[in-house]
Amino acid sequence: MEEYLKVSEVIDWQHPKIMERAKQISLGCPTPMAIAKACFEWVRDEICHSFDYQMNPLTCRASDVLQHKTGYCYAKSHLLAALLRANQIPTGFCYQRLSIDDKGAPYSLHGFNAIHLPEVGWYRVDARGNKEGVNAQFTPPQEQLAYKIQFPEEADFPAIFAEPLRIIVEALQAQSTWDEMLRNLPDISLDSAKSYGLV
């Protein structure tokens, strides 16, 4: 589990502001399960999804997501991982390939988390933020993610990564506004998913 607790450039959980927020959220939570739920709900509800709120700047690093209170799904997953790792709860990264407009092509990757809970093992959660048609919850052992697979070209990849995919980080670092990112959402075709370790 050590690699799922690591600090890195993007998951900079030892940043003083992340350590402070992680401690605040976990106050009064007696178990890892309770801490995980509190962290998940905080990121889901308190950090604005960049597209939903049309908010800048575009964030990637966990501490930047916390500072600016906004991020795409990927960035929100980076912050959630940082808050959980700061509480010594192993956390990884998961991806789906989804239709951007729910009508088929074009597609893009969607990012969320897997949390290792003592009583459950790996449990996947999606902190992108709820809205009409999206109702992600923390209800282990039942999974309640934001999106279900609807088209043959979509996929729910089983891999749990210790670090965010490079293609995600590079996309977030290459754009500076929410609408630039919307025009350049990262995608991996089903044919090439294996070479990225997704399947």
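Contact, as the word is used in these exercises, means that heavy atoms lie within 4.5 Å of each other. The structure is a predicted model.

**Exercise 1. The surroundings of helix α1**

Task: Work out which residues of helix α1 (residues 16-26) are buried, how they are arranged around the helix, and what covers them.

Solution. Begin with burial, for which the cut-off is a relative accessible area under 20%. In α1, the residues that are buried are I18, A22, I25 and S26. Viewed down the axis of α1, these buried residues fall within an arc of 90°, so they line one face of the helix. A general rule helps here: an α-helix has 3.6 residues a turn, so residues three or four places apart point the same way. Next, turn to the face that points away from the buried side of α1, where the exposed residues P16, K17 and K23 are found. The cover over the buried residues of α1 includes α2 (32-46), α4 (62-68) and α5 (73-86). Finally, look just beyond the helix, where α1 is followed by G28, a residue whose phi is positive, near 80°.

**Exercise 2. An aspartate before the helix**

Task: Decide whether D12 is buried or exposed, and find the side chain with which its own side chain makes a polar contact.

Solution. First place the residue: D12 belongs to the segment before α1. Its relative accessible area is 13%, and since the cut-off for buried is under 20%, D12 counts as buried. Then list its contacts, leaving out residues up to four places away in sequence, which gives V7, I18, R61, A62 and S63. From this list, S63 has a side chain that makes a polar contact with the side chain of D12, at 2.5 Å. As a last step, compare sequence with space: D12 and D64 are 52 residues apart in sequence, while their C-alpha atoms are 9.6 Å apart.

**Exercise 3. Strand β3 and its sheet**

Task: Find the place of strand β3 (residues 91-99) in its sheet and explain why β3 is largely enclosed.

Solution. Start from the sheet, which is open, has 4 strands in the order β5-β4-β3-β8 and pairs them in the antiparallel sense. The strands β5 and β8 stand at the edges with a single partner strand each, so one side of each has no neighbour in the sheet. Now take the partners of β3 in turn. With strand β4 (residues 107-117), β3 forms 9 bridges in the antiparallel sense, and the bridge partner of G92 in β4 is A114. With strand β8 (residues 155-156), which runs antiparallel to β3, there are 2 bridges, and Q96 stands opposite D156. Then examine the two faces of β3: T91, F93, Y95, R97 and S99 are buried on one side, and G92, C94, Q96 and L98 are buried on the other. Because 9 of the 9 residues of β3 are buried, the strand is largely enclosed by the rest of the structure.

**Exercise 4. A histidine in the neighbouring strand**

Task: Describe the environment of H110, including the polar contact of its side chain.

Solution. The residue H110 is found in strand β4, and with a relative accessible area of 6% it is buried. Its contacts, apart from neighbours within four places in sequence, include Y74, C94, Y95 and Q96, as well as D126. The side chain of D126 makes a polar contact with that of H110, at 2.5 Å. Follow Y74 further: besides H110, it touches residues including L109, I168, M181 and L185. Y74 is also one of the residues, along with I18, L79 and L83, that touch the most other members of the largest nonpolar core, which has 58 residues. The largest share of this core, 10 residues, comes from α5.

**Exercise 5. An aromatic pair**

Task: Determine what kind of aromatic pair Y123 and F138 form, and which parts of the chain the pair ties together.

Solution. The structure holds 5 aromatic pairs. In the pair of Y123 and F138, the centres are 5.4 Å apart and the planes make an angle of 80°; an angle over 60 degrees counts as edge-to-face. Y123 lies in strand β5 (residues 121-125) and F138 in strand β6 (residues 137-139), so the pair ties together parts that are 15 residues apart in sequence. Both Y123 and F138 are buried, and together with F40 they form one aromatic cluster.

Methods
Residues are numbered from 1 along each chain as its sequence is written. This is a predicted model: local features need pLDDT of at least 70, side-chain atom pairs count only at pLDDT 80 or more; totals for chains, interfaces and linings use all residues. Side-chain values use heavy atoms; hydrogens and water are left out. Buried means under 20% relative accessible area, exposed over 50%, partly exposed in between (1.4 Å probe, protein chains only). Two strands pair if DSSP finds at least two bridges between them. Rings of Phe, Tyr and Trp (its six-membered ring) pair if their centres lie within 6.5 Å; planes under 30 degrees apart count as stacked, over 60 as edge-to-face and the rest as tilted. The arc is that of the directions from the helix axis to the C-beta atoms. A polar contact is a pair of N or O atoms within 3.5 Å; within protein, one must be able to donate a hydrogen and the other to accept it, and residues adjacent in sequence count only if both atoms are side-chain atoms. A nonpolar core is a set of buried Ala, Val, Leu, Ile, Met, Phe, Trp, Tyr and Cys residues joined through side-chain atoms within 4.5 Å.
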